[in-house]
Amino acid sequence: MTRFAFLLRRPFELIPVLFGISLITFVLLQLTPGDPVRLLLGPKAGEAAIALVRERYGLDKPLLVQYFYYIKNVLSGDFGQSITYRSAIGPVILERIGPTVYILLYGLSLSVLLTLVLGVMAARSRGGWVDQTIRILCVVGVGVPSYVAGLLLVLVFSLSFKLFPVSGYADGVFANLHHLFLPALTIAISVTPILTRNFRATLLQQMNAGYAIAALSKGVSQRAVFWRHVFWNSLLPTVSLFGVVASFLIGGTVVIENVFNIPGLGLLLVRSVLSRDYLVVQGVTIVMALGIVLSNLIVDILMAALDPRVNP
């Protein structure tokens, strides 16, 4: 059995997870106060109009029947009709996946770059002023909420120095490298401190490991030992933590997209919750859950590729 054999069984293990998430989301939304039909039609709507809309969207049926109908439709690729947008939910979600994926990949790329640079600098200058400065920045970064960091970045770099746009989403991949730099940096600020502290600790542990000391005693330079052995052996724990952090950030984009008014899934989710558009909320939740599942699967593949001893 090869180390990648888990790819054959993993999809079957994830099906109950997605069903459980859909059920919990459905129940919680039904317990939310407010009537989406009355909110849509307004306070002057008559009972006949309300009953007609309820029948059209299947809201007049028992909750258990509604859930099973919903699961049946989702399995066939139909997320239902949005009450607010008055269109199929699938195209509404697909239209907003792009900005969310872009900002996530952009932010995580910055996080990886900053983590590698800061972790190596801190470990190589252990106890020095560089190490102490990086550790202080990590402590501060962990304690600052992402929405506060985003607002501070807008205040400094957008309103004061006018270097980056305040909000929105540009057209084109390369145009967004500049347009979405602040949201991506906000993601990096919320993730990098955790990864850097873990990477620094792992580097120091590997530098004191037996194989590193033995190599140094044989005359191998400290620089060669660090870059050929210590650095690569320290990546595995950080990659594992990176998967947990990436999963957390998929949900965290809800805050960042609302701060920077990015038309992604997070902004769609918040607006759908406020308008009681239950089917859209369920659809976005399932898509985000699927994204978390896929990110964990990618991390498992990377860990198996980096270390043959790992058996996810």
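At 3% relative accessibility, Ile93 counts as buried, where buried means under 20% relative accessible area, exposed means over 50%, and partly exposed lies in between (1.4 Å probe, protein chains only). Ile93 is a handy place to start a tour of this predicted model, in which local features need pLDDT of at least 70, side-chain atom pairs count only at pLDDT 80 or more, and totals for chains, interfaces and linings use all residues. Residues are numbered from 1 along each chain as its sequence is written, and side-chain values use heavy atoms, leaving out hydrogens and water.

**The whole chain**

The protein chain has 14 helices and 0 strands. Helices (H or I, at least four residues) and strands (E, at least two) are DSSP runs, numbered from the N terminus. The C-alpha trace spans about 85 × 60 × 35 Å along its principal axes. Of the chain's 312 residues, 43% count as buried.

What about the outside? The protein chain exposes about 17,100 Å², and carbon and sulfur atoms supply 69% of that; such areas come from the Shrake-Rupley method with a 1.4 Å probe, and for residues only the protein chains shown count as cover. There are 23 positive and 13 negative side chains, and the centres of the two sets lie 13 Å apart. Here Lys and Arg count as positive and Asp and Glu as negative, while His and the chain ends are not counted. Each charge is placed at NZ of Lys, CZ of Arg, CG of Asp or CD of Glu.

Now for contacts, meaning heavy atoms within 4.5 Å. Take those between residues at least 6 apart in sequence: 73% join residues at least 24 apart.

**Three buried residues**

The table puts Ile93 beside two serines.

| Residue | Place | Relative accessibility |
|---|---|---|
| Ile93 | helix 5 | 3% |
| Ser82 | loop between helix 4 (63-75) and helix 5 (89-124) | 0% |
| Ser272 | helix 13 (residues 265-274) | 1% |

Leaving aside residues up to four places away in sequence, Ile93 touches Leu265, Leu268, Gly283, Val284 and Val287. With that same kind of neighbour left out, Ser82 touches Tyr57, Ser87, Ile89, Asp277 and Val280. Ser272 has Asp277, Val280 and Val281 on its list, again not counting residues up to four places away.

Ser82 also makes a polar contact (a pair of N or O atoms within 3.5 Å; within protein, one must be able to donate a hydrogen and the other to accept it, and residues adjacent in sequence count only if both atoms are side-chain atoms). Its side chain reaches the backbone nitrogen of Tyr85 at 3.0 Å.

**Helix 13 and what follows**

Which residues of helix 13 are buried? They are Leu265, Gly266, Leu267, Leu268, Leu269 and Ser272. These buried residues pack against helix 5, helix 12 and helix 14 (278-306). After helix 13 comes Arg276, whose phi is positive, near 60 degrees.

**Over to helix 11**

Ile93 and Gln222 are 129 residues apart in sequence and 52 Å apart in space, C-alpha to C-alpha. Helix 11 covers residues 222-233, which makes 12 residues, so at 1.5 Å a residue it should span 16 Å; its end C-alpha atoms are 15 Å apart, which agrees. That expected span is 1.5 Å times one less than the number of residues.

In helix 11, Ala224, Val225, Phe226, Val230 and Phe231 are buried. Their cover includes helix 5, helix 9 (181-207), helix 10 (210-217) and helix 12 (235-260).
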